[in-house]
Amino acid sequence: MKSCKDIQSQLADFAVGALREQEIAEIGRHLQECPVCQRELGALRRTGSLLDATEPEDAPADLWQSIRRDIEAPKPGPARVPWWEALFPARWPRLAYAGLAATAVVAVALVMTFSRLSPAGDDETQDFILRHGMLAWNDPLSDKAALGVMLGRSEVGREMQ
Amino acid sequence: MMRATLLISMAAMTMMVFAASDTVAPTTPASPAERLRAAQGAEERLTLRATLNTATFSRQASVSSQVVVCRKPGCCRWEYQSPILKGLVMIEKGDAVIRLDPAQKTASVGCARREAGVFDLLLKNYTVTAERAEPIIGRAADVLVIKHREPGRPAKKLWVDRATSLILRTEYYDCDGRLATLTFYTDIEWNPQLEDSLFEVPDGWKKVAVGDDPSKHWDRESLSKEVAFNSREPAYLPAGFALDGFHLYHCRCGVASAHLRYVDGLNSVSVFERFAQCPGRGRGRGFGWGRGRGGGRNCELLANQPGRMLVRQAGDLSFILIGDLPETELSKIADSIK
């Protein structure tokens, strides 16, 4: 037994006689007992009558040519937005831009300052320190076990030759 | 009869004591300086397998490690046990100093030359005193203290074994008077059988030559030609320092530097000179603010060893000074390089 919803989905086809006999019989039985679907069918038929009453209008002669021209014509790309506008949309307040700029300046200054203050992180000068230590190897009373720690912790030898 | 037997027994005992003292203990040098001279060469004569502890107290991080040492005349091997050193082995064989890196299976082979006469310079600049007798690892030892005649210089304390003159413990105090390194034996096995392979690079390992040959002697003129600028010597040196030699050194970017080394017997100062605009700049970490055209770095303590480093720029040359000296002394040396 079909529900009203199932029946109503087939009512348009029922109205124009596009269903099979078995379906037509089934919907007919339902309509005899269902006033809701009867009203729905009535509305469909009224709309159809109105459409049938209107005069069909001929399509313009160059319709397909104009459609083809539209298809083949080069399409303009999306409007080009400068990168700074994309990165910083205009809706952001000016204060936010100023804050970002200040943060960037402070961050760069900190990185550069610490890179200067950290001799251990500087491979270039570390090489000279190692060379200095290496030449002390045979100095009188040199503590070679301690010197070995210093030389061993370095990358000496891998990149120098 | 009994008296004769007693006399013979006493004579025999006396002879046994003399014989024992002859085989166990060498003649003890009279002065602390002579004891130090004997200690300086003692380890070269001995064969031993031992464990020692070494610690370096630096500005950034202190490092300590237990080290297994195998030594026989002309060769020594140090196996570092600390995880931070990742299985590091150092080998000394003649003038070659070899660093074995197990992770890379790479042997970095350098050369450390031996200059005669530096020990005499030490005795000239430093006083050596026998502070006290103090046994260490169950052996009789004397504590020798080596101090510069001028203040503000490094000092050493050594525990010297009375029987063999081996240095059993070393304490190094930097120019600021702080304990900077400490190394001491914890046990020693005398005269073990040591395989020659202990002192060789293992088969299949990659050998890499490190740096330039320091045994090659340069003078100022020939070195200046090699580095393509006139090498400059400092007009001022702290009391007791003397020129050890001119050396050629190529930094990792391949640029030749002049290396002037000065020694006072216990301490050394290196002056590296090179063009300031080294193409290798920026290969290290950081942006290097303060290098290049700027006035150079302030004096800084070294991160992993005793001493300070000072970088100065003059014209298109850069001067890097390294040594365990007060900042004022390093600055005076740098200022005198014209």
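**Exercise 1.** Find which residue of β10(B) stands opposite Lys156(B), and then describe how the strands on either side of β10(B) pair with it.

*Solution.* Begin with the residue itself: Lys156(B) stands opposite Tyr172(B) in β10(B). This is a predicted model, in which local features need pLDDT of at least 70 and side-chain atom pairs count only at pLDDT 80 or more, while totals for chains, interfaces and linings use all residues. Residues are numbered from 1 along each chain as its sequence is written, and chains are lettered from A and ligands numbered from 1 in the order in which they are written.

Next, take the strands, which are DSSP runs of E with at least two residues, numbered from the N terminus, as helices are runs of H or I with at least four. Two strands pair if DSSP finds at least two bridges between them; β9 (residues 155-161) of chain B and β10(B) pair in the antiparallel sense over six bridges. Their hairpin has five residues between the strands, and Ser165(B) there takes a positive phi near 70°.

Then turn to β11 (residues 179-190) of chain B, which runs antiparallel to β10(B) and is joined to it by five bridges, with Thr170(B) opposite Thr183(B). This hairpin also has five residues between its strands, and Gly177(B) in the turn has a positive phi of about 85°.

**Exercise 2.** Place β10(B) (residues 167-173) in its sheet, and decide how far the strand is covered.

*Solution.* The open sheet has twelve strands in the order β7-β8-β9-β10-β11-β1-β2-β3-β4-β5-β6-β12 (chain B), with mixed pairing. Its edge strands, each pairing on one side only, are β7 (126-133) and β12 (206-209) of chain B. As for cover, six of the seven residues of β10(B) are buried, where buried means that 20 or more other C-beta atoms, placed from the backbone, lie within 10 Å of the residue's own.

**Exercise 3.** Identify the helix of chain A that packs on this sheet, and state how many of its residues are buried.

*Solution.* In the sheet, β3 (residues 75-80) and β4 (residues 89-93) of chain B pair in the antiparallel sense over five bridges, and Cys75(B) has Lys93(B) as its bridge partner in β4(B). Helix α8 (residues 144-152) of chain A packs on the sheet, touching strands of chain B that include β3, β4 and β11. Finally, nine of the nine residues of α8(A) are buried, among them Leu147(A), Val149(A) and Met150(A).

Key:
Buried ≥ 20, exposed ≤ 12 C-beta atoms within 10 Å, placed from the backbone. Contact = placed C-beta atoms within 7 Å. Axes fitted to C-alpha atoms, helices over the stretch in contact; angles between N-to-C directions.
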